[in-house]
Amino acid sequence: MTDWDRVRVLWPDHYGLARGKYVPIRLAHQGANHCVCVFALGYDRSMAPAPGAYLLEGLPDTHVSFDAADVRQGWDDDATGVVIGDLTMHGEPLPVSPREALRRAVAGWEALGYSPKVGLEFEAYVFNGNMESPRPYDTPRSMVYGTGPGSDPAGVITSLVRTAESVGIAVESVNAEYDEGQFELTLEYGDALAAVDDAFLFRLLARESVLTATDSAGRPLGLDLTFLGKPFPGVSGTGIHVNLSLADADGDNAFSDVSGAHGMSDLARGCLAGLIHHHRGMTALAAPTVNAYRRLRPGEINGYWANWGVEHRCAGNRVPSGAGPGMRIESRIGDGAANPYLLVAAVLQAARLGVADGLECPDPLTADGFEEINTDVRCAHSLNEALDDMEADEALCAAVGSDVCANFVFNKREEWGRYTAEAGDEVVADWDAITGTEPLSQWELKQYLPYH
């Protein structure tokens, strides 16, 4: 730490945004205080008395602390370290902390003798940086699985990946995705908390790297990057796919069983049963914005349906075709704007509840997934409806954490209310009729695009 003169101390808020402070290196051991009423804030800086945010109790502080060994090189400059801290109040973990919710989810599996392993796949668009009229990055030679200057003529994705690697965030792969200006960015698999910490930092680094990118003469490129689920009408949405497996006491993949159907163990089947059973209950945590429900539609190759399939991208949960160390469950429900801590906590807890409750795993999807589906259970069609489903799933909310879920639901109800009150003529009256080709409201662009 002797080469750093400051530390960028960060922590995830209820939206998964990176809050924090720069702290001089000589004071870093003290941590930092922040007003806990951040957990009462909307994207527009409005405040409401959300549970656990203490708005009407004097707006006290929460304290963020960290282990000095966890500080890593930052990307601001060579003299700045970066670290993710833990939030406490009165010496106890802050109940509404998303990172604490993930710790509890990991601990739940560890109590059963398993270590959760997670790998996250991100999709994102590079765009022209205009928040009122965004257009995708001009890449006319791009193609699915494209690489090189045809997909990234300004080299901004190459630059951000190299920056991520330089600060210890391991990127497994990167390629152009389906539509122009869209990319897939996959991080390496690892222990659940460490993997999500890397994902949290990566999203911030990615946006800041592209936003500050310059040409060879040092002139700003005027580009930005967004993980928002549906930033552009009529083209593909962006998600976060959560790949999950469990390691047993010997470090072996407990999802793998050469004698099991499709190479899966009974444990894996129980986890799938839980994810399917709690599919609607976890939708709001996985898709937490008004905008997200423009993406979660049938036939869009995402986690719309409550089902699973072997090597089937139209299923809500996908598994590989044979036993071995690569056996995993890929949850495909996550929206690109999801809080990664709450998303992964929900995935882990839903899977654990499936095992704990002895739920039966249904048969896999074998039909095409477009015209023929093996279930009628699907995601909600609006944020408001998804919040109803979340509150109805009392077991999942209790597992994720009643305090963090109460804070989340309150804030998201307020967000829905602001949408319906402020978007005016642009409000979608019937979200069941959304096709994904409708123009985004200026409210959505103003609220979400600067932050996701």
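**A buried cysteine and the helices around it**

Good morning. I begin with one residue: Cys405 is buried, because its relative accessible area is 4%, and a residue counts as buried under 20%. Please bear in mind throughout that the structure before you is a predicted model.

Where does Cys405 sit? Cys405 belongs to helix 9. Setting aside the neighbours within four places in sequence, Cys405 touches Met390, Cys397 and Val400. There is also a pairing across the sequence to point out. Cys405 and Val96 are 309 residues apart along the chain, yet their C-alpha atoms are 7.9 Å apart in space.

That pairing leads me to the chain as a whole. Among contacts in the protein chain with a separation of 6 or more, 71% join residues that are 24 or more positions apart. The secondary structure consists of 10 helices and 17 strands. Of the 452 residues, 56% count as buried. Taken along the principal axes, the C-alpha atoms fill a box of roughly 55 × 50 × 45 Å. How does the radius of gyration fit with this chain length? For 452 residues, a compact globule would have a radius of gyration near 22 Å, and the chain has 21 Å, so the two agree.

I turn now to helix packing. Two packed helices are described by the angle between their axes and the distance between the axes. I shall discuss three pairs in those terms, starting with the pair that includes Cys405.

The axes of helix 7 and helix 9 come within 10 Å and cross at roughly 160 degrees. An angle over 145 degrees counts as roughly antiparallel, and helix 7 and helix 9 are therefore roughly antiparallel to each other. Helix 7 passes helix 9 in a left-handed crossing. On the side of helix 7, the contact is formed by Leu383, Asn384, Leu387, Asp388, Met390 and Glu391. Helix 9 contributes Cys405, Phe408, Val409, Lys412, Arg413, Glu415 and Trp416. By class, this contact comprises 7 nonpolar residues, 1 polar residue and 5 charged residues. Met390, which I named earlier as a contact of Cys405, is thus one of the helix 7 residues in this contact.

The second pair is helix 3 and helix 6. Helix 3 covers residues 192–211, and helix 6 covers residues 340–356. Their axes are 9 Å apart, at an angle of about 150 degrees. Helix 3 and helix 6 are therefore roughly antiparallel to each other, and their crossing is right-handed. Which residues of helix 3 meet helix 6? They are Ala192, Leu193, Val196, Asp197, Phe200 and Arg203, and they meet Pro340, Tyr341, Val344 and Leu348 in helix 6. This contact has 8 nonpolar, no polar and 2 charged residues.

The third pair brings helix 3 together with helix 1, residues 98–110. Here the angle is about 155 degrees and the axes are 10 Å apart. That makes helix 1 roughly antiparallel to helix 3. Their crossing is right-handed. From helix 1, Arg99, Leu102, Arg103 and Val106 meet Ala192, Leu193, Val196 and Asp197 of helix 3. The residues divide into 5 nonpolar, no polar and 3 charged. Ala192, Leu193, Val196 and Asp197 of helix 3 thus meet helix 1, and they also meet helix 6.

Next I consider helix 5, which spans residues 279–286. How many of its 8 residues are buried? Helix 5 is mostly covered, with 7 of its 8 residues buried. The buried residues are His279, Gly281, Met282, Thr283, Ala284, Leu285 and Ala286. Their cover includes helix 4, strand 17, helix 6, helix 7, helix 8 and helix 9. Several of these helices, including helix 7 and helix 9, have already appeared in this talk.

Finally, two loop residues deserve attention for their backbone angles. His262 lies in the loop between strand 14 and helix 4. Although His262 is not a glycine, its phi is positive, near 60 degrees. Ile301, in the loop between helix 5 and strand 15, is likewise not a glycine and has a positive phi of about 55 degrees. Are these residues buried or exposed? His262 is partly exposed, with a relative accessible area of 36%. Ile301 is partly exposed as well, at 42%.

Thank you for your attention.

Methods. Residues are numbered from 1 along each chain as its sequence is written. This is a predicted model: local features need pLDDT of at least 70, side-chain atom pairs count only at pLDDT 80 or more; totals for chains, interfaces and linings use all residues. Side-chain values use heavy atoms; hydrogens and water are left out. Axes are lines fitted to C-alpha atoms, for helices over the stretch in contact, and angles run from 0 to 180 degrees between N-to-C directions. Helices (H or I, at least four residues) and strands (E, at least two) are DSSP runs, numbered from the N terminus. Angles under 35 degrees count as roughly parallel, over 145 as roughly antiparallel, 65 to 115 as roughly perpendicular and the rest as oblique. A crossing is left-handed if the near helix is turned anticlockwise from the far one by less than a right angle, and right-handed if clockwise. Contact means heavy atoms within 4.5 Å. Ala, Val, Leu, Ile, Met, Phe, Trp, Tyr, Cys and Pro count as nonpolar, Asp, Glu, Lys and Arg as charged, and the others, Gly among them, as polar. The radius of gyration is taken over C-alpha atoms; the globule rule is 2.2 Å times the number of residues to the power 0.38. Buried means under 20% relative accessible area, exposed over 50%, partly exposed in between (1.4 Å probe, protein chains only).
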